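Let's take a walk through this structure, from the overall fold down to a few individual residues. Keep the model open beside you as you read.

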Amino acid sequence: MNPAMRRSSLSSLSFCVFFLAGAAALAAQSLSSDTSAASAGALLFRQTGCGHCHGADLAGTKKGPSLIGIKDDSKWPVEKMRDQILNGGKKMPSFADSLSDDEIAQVITFLRSAPQTATSVASSEKK
Ligand code: HEC
């Protein structure tokens, strides 16, 4: 094989590997789009400062209520959560300027997928 031929077959091989890896990554992404939206949302929750009031573990602080188990709270359907985050509430600021619609959807996916913690189990047992 002359050097030119070897180079071209090598580069088409690496193109092929690259392409396959890309296709696999895409397939994995669509399979776990909910999981990746939730982890993007978790990051946004931290970066946007939601945790300052709601607690890094979602358990709430003096400044904001617990968001644990909000998925099962019939008072907080997705639409209302979006409205709260967009427009704020009595004490919660609006995030319309800092989060896009997609980002708000990711934060909501995160909040609705956040696992129950020991704290929430303990407080629901008290009721
Ligand atoms: C300055 C403190 C503060 C920050 C920052 C904050 N919140 Fe809130 N949040 C509150 C308070 C206080 C409430 C209760 C209702 C009200 O007073 O607006 C609330 C209510 C909520 C609710 C409704 C749940 C309930 O039981 O009332 C959701 C959902 C929520 N916040 C999500 C978020 C998200 C997501 C972020 C970040 C993008 C965020 N909050 C940032 C203070 C805050």
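Before counting what is inside and what is outside, we need a cut-off: a residue is called buried if 20 or more other C-beta atoms lie within 10 Å of its own, and exposed if 12 or fewer do. By that rule, buried residues account for 14% of the 127 residues in the protein chain. Bear in mind as you look around that this is a predicted model.

Now the overall layout. The protein chain has 6 helices and 0 strands, so to speak of its pattern along the sequence is simply to write α-α-α-α-α-α. How do the contacts spread along the chain? Taking contacts between residues at least 6 apart in sequence, 56% of them join residues at least 24 apart.

Next, have a look at the ligand. Its surroundings comprise 21 residues, and the ones that come nearest are Cys50, Cys53, Gly64, Gly89 and Met92. Two elements give two or more residues to this shell, namely helix H3 (50-54) and helix H4 (78-87). H3 supplies the largest share, with 4 residues. What is the shell made of by class? It divides into 11 nonpolar, 7 polar and 3 charged residues.

Move on to helix H5, which covers residues 101-113. Its 13 residues reach 18 Å from the first C-alpha to the last, close to the 18 Å expected at 1.5 Å a residue. Which of its residues are buried? They are Ile104, Gln106, Val107, Ile108, Thr109, Phe110 and Leu111. These buried residues pack against helix H2 (33-48) and H4.

The pairing of H2 with H5 deserves a closer look. Two packed helices are described by the angle between their axes and the distance between the axes. Here the axes of H2 and H5 come within 7 Å and cross at roughly 100°. That crossing makes H2 roughly perpendicular to H5, because angles of 65 to 115 degrees fall in that class. On the H2 side, the residues that meet H5 are Asp34, Ala37, Ala38, Ala40, Gly41, Ala42, Leu44 and Phe45. On the H5 side they meet Glu103, Gln106, Val107, Thr109, Phe110 and Ser113. By class, this contact has 8 nonpolar, 4 polar and 2 charged residues.

Stay with H5 for one more residue, Asp101, which sits in that helix. Is Asp101 buried or exposed? It counts as exposed, because it has 10 C-beta neighbours inside 10 Å. Its C-alpha atom is separated by 8.7 Å from that of Arg82, and the two residues are 19 apart along the chain.

Over in helix H4 you'll find Asn87. Asn87 has 12 C-beta neighbours inside 10 Å, so it counts as exposed. Leaving aside neighbours within four places in sequence, Asn87 is in contact with Ser94 and Ala96. Asn87 and Asp97 are 10 residues apart in sequence, and their C-alpha atoms lie 9.9 Å apart in space.

The loop between H4 and H5 holds Pro93. With 13 C-beta neighbours inside 10 Å, Pro93 counts as partly exposed. Pro93 is 43 residues away from Cys50 in sequence, and 10.0 Å away in space, C-alpha to C-alpha. Cys50 is one of the residues that come nearest to the ligand.

Finally, go to the loop between H3 and H4, where Leu58 has its place. Most residues other than glycine have a negative phi. Leu58, though, has a phi near 70°, a positive value in a residue other than glycine. Why does Leu58 count as buried? Because it has 25 C-beta neighbours inside 10 Å, and the cut-off for buried is 20 or more.

Note on methods: Residues are numbered from 1 along each chain as its sequence is written. This is a predicted model: local features need pLDDT of at least 70, side-chain atom pairs count only at pLDDT 80 or more; totals for chains, interfaces and linings use all residues. A residue is near a molecule or strand if its C-beta atom, placed from the backbone, lies within 6 Å of it. Ala, Val, Leu, Ile, Met, Phe, Trp, Tyr, Cys and Pro count as nonpolar, Asp, Glu, Lys and Arg as charged, and the others, Gly among them, as polar. Two residues are in contact if their C-beta atoms, placed from the backbone, lie within 7 Å. The expected span of a helix is 1.5 Å times one less than its number of residues. Axes are lines fitted to C-alpha atoms, for helices over the stretch in contact, and angles run from 0 to 180 degrees between N-to-C directions. Angles under 35 degrees count as roughly parallel, over 145 as roughly antiparallel, 65 to 115 as roughly perpendicular and the rest as oblique.
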